[in-house]
Amino acid sequence: MLFLTPWLVGLVFLTLGPMLASLYFSFTDYSILSPPAWVGTSNYVTMFTGDALFTKSLKVTFLYVFVSVPLKLAFALAVALLLNKGIRGLGIYRTIYYIPSLLGGSVAIAMLWRKMLGGDGLLNQLLLYVGIHAPDWVANPKYSLYSIVLLSVWQFGSSMIIFLSGLKQIPSEYYEASSVDGAGKINQFFNITIPILSPVIFFNLVMQIITSFQSFTQAFVISNGSGGPVNSTLMYSLYLYKKGFAFFQMGYASAMAWVLVILIGCFTLLVFRSSRTWVHYEDGGK
């Protein structure tokens, strides 16, 4: 029990305490500068009936999640398959590909990304060499969100490492036996690799959905904290931050935080429910 004391203190004062406090604040009009005033469900009613930016932030976040998560997992799996070929210096390549996951969420990398994808950035300079006049990817509302998606996909390292570990657990005898039966590489991929790797795909999918819904730094830095242009990068977490720390509507921001918790819980539950049909365990368990 003595060894658990630090963890229990942290759980109570750093997790449960703030959660219960934010739940209370979500039912209040709280500006940080003055005591909270109880308003009941007013924040939630306003959120769903009278806040157009709340709806906009949801749409932007859903689009970001539905585009970035599949692309990121597909890219991570593709790189893991290449690294699983037994190439020399595997440890070096694995480290190099993992570095973006360590750096990608930093403010410095987001600022560098904004410079690279700007109107006169490195990407447009390279495209100009081949005669392509590209737009300002960050300032154009048609493409600004996809620049953040691209940054998210670039941070594929953690998922790739997990995929690579899963691939190394697949017995080579399965591929050898299927080759004898005349199965090609594509057939082996969809009938051996994917089914056996499905628990790993399931884990990565859940983790990336949770992470993507909470994305903040990239949108904040790339849009200079505005969510622009024309609210095209107004992620849910960014709007929550603006409500709480820019407009001092901490009660409203707390209500938004609890809605986010419920949203993540619902999507996670959907993935768990769907896993019964596509996740296969070696022992036949669910």
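# Briefing: a helical chain and its covered helices

The buried residues of α12 are covered by elements that include α2 (42-49), α3, α11 and α13 (250-278). Please keep in mind that this is a predicted model. The chain averages a pLDDT of 88, and 94% of the residues score at least 70. Here is a tour of the points worth opening in your viewer.

**Confidence**

- Among the elements of the chain, helix α4 (residues 90-103) has the lowest mean pLDDT, at 71, while strand β1 (residues 28-29) has the highest, at 96.
- As a general caution, predicted coordinates should not be read in detail where pLDDT is low.

**Helix α12 and the loop before it**

- Helix α12 is mostly covered, with 8 of its 11 residues buried.
- Which residues of α12 are buried? They are Tyr-236, Ser-237, Leu-238, Tyr-239, Leu-240, Lys-242, Lys-243 and Gly-244, so two lysines and a serine are found beside the nonpolar and aromatic residues in a list where each member has under 20% relative accessible area.
- Ser-237, in helix α12, has a relative accessibility of 12% and therefore counts as buried.
- Beyond its neighbours within four places in sequence, Ser-237 is in contact with Gln-214, Ser-215 and Phe-216.
- Lys-243 lies over the face of Tyr-252, 4.8 Å from the ring centre.
- In the loop between α11 and α12 you will find Pro-229, which is joined to Gly-228 by a cis peptide bond with omega of about 0 degrees.

**The nonpolar core**

- The largest nonpolar core has 59 residues.
- Which residues have the most contacts inside this core? They are Met-47, Phe-54, Phe-163, Tyr-236 and Met-256.
- Setting aside neighbours within four places in sequence, Met-256 is in contact with Met-47, Phe-54 and Tyr-236, and also with Tyr-239, Leu-240 and Lys-243.
- In soluble globular proteins, nonpolar side chains tend to be buried together.

**Helix α7**

- Is helix α7 (residues 144-154) largely enclosed or open? Because 8 of its 11 residues are buried, the helix is largely enclosed by the rest of the structure.
- The buried residues in α7 are Ser-144, Leu-145, Ser-147, Ile-148, Val-149, Leu-151, Ser-152 and Val-153.
- Elements covering these buried residues of α7 include α3 (52-83), α5 (107-116) and α11.

**Aromatic pairs**

- The count comes to 21 aromatic pairs.
- One of them joins Phe-189 and Phe-190 in an edge-to-face arrangement, with 5.0 Å centre to centre and 85 degrees between the planes.
- The two partners fall into separate exposure classes: Phe-189 is partly exposed at 23% relative accessibility, whereas Phe-190 is exposed at 53%.
- How are the rings of Phe-216 and Tyr-241 arranged? Their centres are 5.2 Å apart and their planes lie at 55 degrees, so the pair is tilted.
- This pair links distant parts of the chain, 25 residues apart: Phe-216 is in the loop between α10 (185-213) and α11 (217-222), and Tyr-241 is in helix α12 (residues 236-246).
- Both rings belong to partly exposed residues, with relative accessibility of 25% for Phe-216 and 32% for Tyr-241.
- Ring pairs also link Tyr-24, Phe-25, Phe-27, Tyr-30, Trp-38 and Tyr-44 into a cluster.

**A buried glutamine in α10**

- Gln-188 is found in helix α10 and, at 5% relative accessibility, counts as buried.
- What does the side chain of Gln-188 make a polar contact with? Its partner is the side chain of Ser-179, at 2.9 Å.
- Leaving out neighbours within four places in sequence, Gln-188 is in contact with Tyr-175, Ser-178, Ser-179, Ala-183 and Thr-193.

**Backbone details and a distance**

- Ile-32, in the loop between β1 and β2 (37-38), has phi near 75 degrees, a positive value in a residue other than glycine. At 35% relative accessibility, Ile-32 counts as partly exposed.
- Phe-248 sits just after α12 and also takes a positive phi, about 55 degrees. The place of Phe-248 is in the loop between α12 and α13, and its relative accessibility of 40% makes the residue partly exposed.
- Tyr-129 lies in helix α6 (residues 122-129) and is exposed, with a relative accessible area of 72%.
- C-alpha to C-alpha, Tyr-129 and Val-200 are 42 Å apart in space, with their positions 71 residues apart in sequence.

Key
Residues are numbered from 1 along each chain as its sequence is written. This is a predicted model: local features need pLDDT of at least 70, side-chain atom pairs count only at pLDDT 80 or more; totals for chains, interfaces and linings use all residues. Side-chain values use heavy atoms; hydrogens and water are left out. A nonpolar core is a set of buried Ala, Val, Leu, Ile, Met, Phe, Trp, Tyr and Cys residues joined through side-chain atoms within 4.5 Å. Buried means under 20% relative accessible area, exposed over 50%, partly exposed in between (1.4 Å probe, protein chains only). Contact means heavy atoms within 4.5 Å. Rings of Phe, Tyr and Trp (its six-membered ring) pair if their centres lie within 6.5 Å; planes under 30 degrees apart count as stacked, over 60 as edge-to-face and the rest as tilted. Helices (H or I, at least four residues) and strands (E, at least two) are DSSP runs, numbered from the N terminus. A charge sits over a ring if NZ of Lys or CZ of Arg is within 6 Å of the ring centre and within 35 degrees of the ring normal. A polar contact is a pair of N or O atoms within 3.5 Å; within protein, one must be able to donate a hydrogen and the other to accept it, and residues adjacent in sequence count only if both atoms are side-chain atoms. pLDDT is the predictor's confidence in each residue, from 0 to 100.
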